[in-house]
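Student: I would like to learn how to read a protein model feature by feature. Could you walk me through one?

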Amino acid sequence: MEMISSKFFFFFFSTLCLLYGFSNATDIHYCDKKADYDVEVKGVEISPDPIARGQPATFSIAATTGKALSGGKLVIDVSYFGWHIHSETHDLCGETTCPVSAGDFVIAHSQVLPGFTPPGSYTLKMKMFDGNKHELTCITFGFDIGFGSSVADS
């Protein structure tokens, strides 16, 4: 009987962990739903969620590719209530280990948003280009900045 209860407990705990992970998943959308991108994005994790003003935030993007990548660029655009408010470009190799082998990889970017950043809902668009400026993927996803701490509160 003890073996059955421990199996049930393991199954129940595993199911709860999976449900928790899916409940915190960030919905992603491809910019062109008909495009056949060379890089497939599997998911985005934002930590913390919601983001706290003036505190470090990390965006981790799980992806997969069918071919090795020796480098490239990430172009990030941020909108607030539909208004474009920020752009930045990053070297792909600064956000993941290069060269990227065919298969799964993770892009991780951390930064501190200014304490005066308005709370609310934002949209991020990320385009990834290879070294020849060929677009490998383009996704959008939403994220929230909370009313939490700011530099002024410190």
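**Reading the model together**

Tutor: Let's begin with one side chain: that of Thr 96 comes to 2.8 Å from the backbone oxygen of Val 106. Keep in mind as we go that this is a predicted model.

Student: Where is Thr 96 placed?

Tutor: Look in the loop between helix H2 (92–95) and E6.

Student: Is Thr 96 buried or exposed?

Tutor: For this we compare the relative accessible area with a cut-off: under 20% means buried. Thr 96 has a relative accessible area of 13%, so it is buried. Leaving out residues up to four places away in sequence, Thr 96 touches Phe 105, Val 106 and Ile 107.

Student: That loop caught my eye. What kind of peptide bond joins Cys 98 and Pro 99?

Tutor: To read a peptide bond, look at its omega angle. For the bond between Cys 98 and Pro 99, omega is about 0°, and the bond is cis. Pro 99, like Thr 96, belongs to the loop between H2 and E6.

Student: Which bond should I look at next, and what is its omega?

Tutor: Try the one from Asp 49 to Pro 50, which is cis with omega near 5°. Pro 50 sits in the loop between E2 and E3.

Student: How far is Pro 50 from Ser 121, in sequence and in space?

Tutor: Here we read two kinds of distance for one pair. Along the sequence, Pro 50 and Ser 121 are 71 residues apart, while their C-alpha atoms are 9.5 Å apart in space.

Student: Where would I find Ser 121, and what does it contact?

Tutor: Ser 121 is part of strand E7, which covers residues 120–130. Setting aside neighbours within four places in sequence, its contacts are Tyr 80, Phe 81, Phe 143 and Asp 144. With Asp 144 there is also a polar contact between the two side chains, at 2.8 Å.

Student: How exposed is Ser 121?

Tutor: The class between buried and exposed is called partly exposed, and it runs between the 20% and 50% cut-offs. Ser 121 has a relative accessible area of 41%, so it is partly exposed.

Student: Phe 81 was in that contact list. What is its phi?

Tutor: Phi is a backbone angle, and its sign is worth checking. In Phe 81 phi is near 50°, a positive value in a residue other than glycine. Phe 81 lies in the loop between E4 and E5, and its 61% relative accessibility makes it count as exposed.

Student: Which other residue could I check for a positive phi?

Tutor: Lys 133, which is not a glycine, has a positive phi of about 65°. You will find Lys 133 in the loop between E7 and E8. At 72% relative accessibility, Lys 133 also counts as exposed.

Student: Let's turn to charges. How many salt bridges does the structure hold?

Tutor: For these, we look for oppositely placed partners: a side-chain nitrogen of Lys or Arg within 4 Å of a carboxyl oxygen of Asp or Glu. The structure holds two. One is between Asp 38 and Lys 67, whose closest N and O atoms are 3.8 Å apart.

Student: Why does that pair tie together parts that are apart in sequence?

Tutor: Asp 38 lies in the loop between strand E1 (28–30) and strand E2 (39–47), and Lys 67 in the loop between E3 and E4, so the pair ties together parts 29 residues apart in sequence. Asp 38 is partly exposed at 30% relative accessible area, and Lys 67 is partly exposed at 37%.

Student: What about Asp 104 and Lys 42?

Tutor: Their side chains meet in a salt bridge, with 2.9 Å from N to O. Asp 104 is in strand E6 and Lys 42 in strand E2, so this pair ties together parts 62 residues apart in sequence. Asp 104 is exposed, with a relative accessible area of 56%.

Student: Finally, how much space lies in the largest pocket?

Tutor: A pocket is read by its space and then its lining. The largest pocket has about 370 Å³ of space. It is lined by 22 residues, and those closest to its centre are Val 78, His 86, Glu 88, Gln 111 and Leu 113.

Student: Which element gives the most to the lining, and what classes of residue are there?

Tutor: E6 gives the most, with four residues. By class, the lining has 17 nonpolar, four polar and one charged residues.

Terms used: Residues are numbered from 1 along each chain as its sequence is written. This is a predicted model: local features need pLDDT of at least 70, side-chain atom pairs count only at pLDDT 80 or more; totals for chains, interfaces and linings use all residues. Side-chain values use heavy atoms; hydrogens and water are left out. Helices (H or I, at least four residues) and strands (E, at least two) are DSSP runs, numbered from the N terminus. Buried means under 20% relative accessible area, exposed over 50%, partly exposed in between (1.4 Å probe, protein chains only). Contact means heavy atoms within 4.5 Å. A polar contact is a pair of N or O atoms within 3.5 Å; within protein, one must be able to donate a hydrogen and the other to accept it, and residues adjacent in sequence count only if both atoms are side-chain atoms. On a 1 Å grid over the protein atoms alone, a cavity is a set of points where a 1.4 Å probe fits but cannot get out, and a pocket is an open set with protein on both sides within 12 Å along at least five of seven lines; lining residues have an atom within 4 Å of a point. Grid points are joined across faces, edges and corners, and a volume is the space filled by probe spheres set on the points. Ala, Val, Leu, Ile, Met, Phe, Trp, Tyr, Cys and Pro count as nonpolar, Asp, Glu, Lys and Arg as charged, and the others, Gly among them, as polar.
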